[in-house]
Each structure stands twice: as C-alpha cells, then as structure tokens.
Amino acid sequence: MESLSRERVIRLADTPHCQQKSILSISSDAYNAMIQHMTSFPDMEVCGILLGTKTAGSTQIHSYRRLRNVAHDPLHHFALDPQEWIDCCYQERELIGLFHSHPMTAAIPSSTDLQQLPAFAAMISIYAIGSLVASSNRSDNQDHPDINTTPINVYQINQSVNPSSHPLPIYNLQTAQLNIMTE
Ligand SMILES: [Zn+2]
C-alpha cells in the first residue's frame with residue numbers, strides 16, 4: 001500500500017565530510033527519462049542535461065534532455081557534443097545539472113569526472129551519475145539497504161576558495177538526497 005506521501009524518498013550514502021545534505025526533487029518523468037536513456041545504451045556512457053529551478057532551500061528538476069556523447073571511447077568516457085552544449089548554455093534558461101552514465105562501474109564520480117568538473121561547474125549546480133551495474137550489485141549492500149532503489153546518484157556541486165593563489169575556484173561534489181515526485 002502506497003503511503004499518503006506523494007514523494008518517494010531515497011537516501012544516498014553520506015560523504016565523510018558531509019555537513020548538511022541537500023535535498024533535490026525530481027519529476028518522475030525526468031528521472032525515468034534518464035533511466036530510459038542509459039538502459040537503451042548499455043554499452044556507452046550516455047549524457048544529458050537536467051533542467052529545473054533553484055530557490056533558497058529547494059532545487060527542483062523537471063526535465064531531462066539528451067545530448068550526444070562524442071568521446072572517442074564512449075564506453076569509458078563522455079564528451080558532450082560541443083555545439084549542443086553551447087546551445088544549451090545559451091538557450092536553456094533552466095539548465096541546472098549534468099547527467100552521465102557508467103556502463104561498467106558504480107555511480108560514483110571517477111577521477112576523470114572530477115578532473116573534468118571545472119569545465120561545467122560554473123554553469124550547473126547538480127551532477128548526476130547513473131549506473132546499471134551498481135543497481136544490480138547493491139542488493140548485498142546491507143549498510144545502505146535503501147540505496148538499492150535507485151541506480152542514480154546525485155551530487156551538489158560546491159565551490160570553495162582555492163587556498164593557493166591559483167585563480168580558479170575548487171569544486172567538489174557532495175552527496176545529495178533525491179526525492180522522486182510521483183505527481
Ligand atoms: Zn563518469
């Protein structure tokens with residue numbers, strides 16, 4: 001029996017330095033669109049953008065738009081089609097996040113993802129990663145039994161001042177909680 005709540009709350013693993021976890025709401029349409037995109041292409045990293053709104057205490061994602069992955073090795077990497085990405089940056093006023101999938105590994109940021117983060121971080125505040133591998137392996141994860149329910153992890157992009165004199169800010173990812181709105 002479904003509870004009266006219209007939200008399905010999914011908690012993700014804490015990061016060790018997590019202070020206060022952000023809560024993001026996503027429409028079930030947008031969530032399912034990401035799932036459908038990555039399950040349709042299990043042999044490559046798929047990518048796309050998240051559209052939504054952000055106000056003082058809440059972030060809402062209402063839709064997902066697919067972008068082309070133009071990486072030479074799309075099984076292990078993603079590279080947004082440059083023209084599509086530029087169009088999004090100019091045309092999509094509600095550009096709020098980036099999504100890509102990991103066909104072979106769990107839905108946690110790779111070292112390459114972290115290296116690439118500064119290329120996008122100024123334009124977005126949400127970083128989402130999906131993995132079909134992780135969702136099937138998570139049944140043995142007794143520490144976080146509720147993590148089984150989602151193959152998508154979402155992270156809030158935080159910006160901190162660079163302690164050195166380097167002019168670029170430092171970005172890091174903080175695990176966020178995702179609420180799927182079932183209408
Ligand atoms: Zn990745």
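Leaving aside neighbours within four places in sequence, Glu45 is in contact (heavy atoms within 4.5 Å) with Asn69, Pro74, Leu75, His76, His77, Phe78, His100, Ser101, His102 and Pro103. The model is predicted: local features need pLDDT of at least 70 and side-chain atom pairs count only at pLDDT 80 or more, while totals for chains, interfaces and linings use all residues. Residues are numbered from 1 along each chain as its sequence is written, and side-chain values use heavy atoms, with hydrogens and water left out.

Glu45 lies in the loop between helix H1 (28-40) and strand S3 (47-55); helices (H or I, at least four residues) and strands (E, at least two) are DSSP runs numbered from the N terminus. Glu45 is buried, at a relative accessible area of 6%, where buried means under 20% relative accessible area (1.4 Å probe, protein chains only). Its side chain reaches the backbone nitrogen of Phe78 at 3.4 Å.

His100 and His102, both listed among the contacts of Glu45, also bind the zinc ion through NE2, with Asp113 supplying two OD donors, at 2.0 to 2.4 Å. Donors are N, O and S atoms within 2.8 Å of the metal (3.2 Å for Na, K and Ca); water is not among the atoms, so sites may look incomplete. The four donor atoms subtend angles of 58 to 158° around the zinc ion, and the arrangement is therefore irregular. Along the chain the donors follow the spacing H-x1-H-x10-D. The pair His100, in strand S5 (residues 95-101), and Asp113, in helix H3 (residues 111-120), links distant parts of the chain, 13 residues apart. Both His100 and Asp113 are buried.

Definitions and conventions:
Four donors count as tetrahedral if all angles lie between 85 and 135 degrees; four count as square planar and six as octahedral if opposite donors are over 155 degrees apart and all others between 65 and 115; anything else is irregular. Buried means under 20% relative accessible area, exposed over 50%, partly exposed in between (1.4 Å probe, protein chains only). A polar contact is a pair of N or O atoms within 3.5 Å; within protein, one must be able to donate a hydrogen and the other to accept it, and residues adjacent in sequence count only if both atoms are side-chain atoms.
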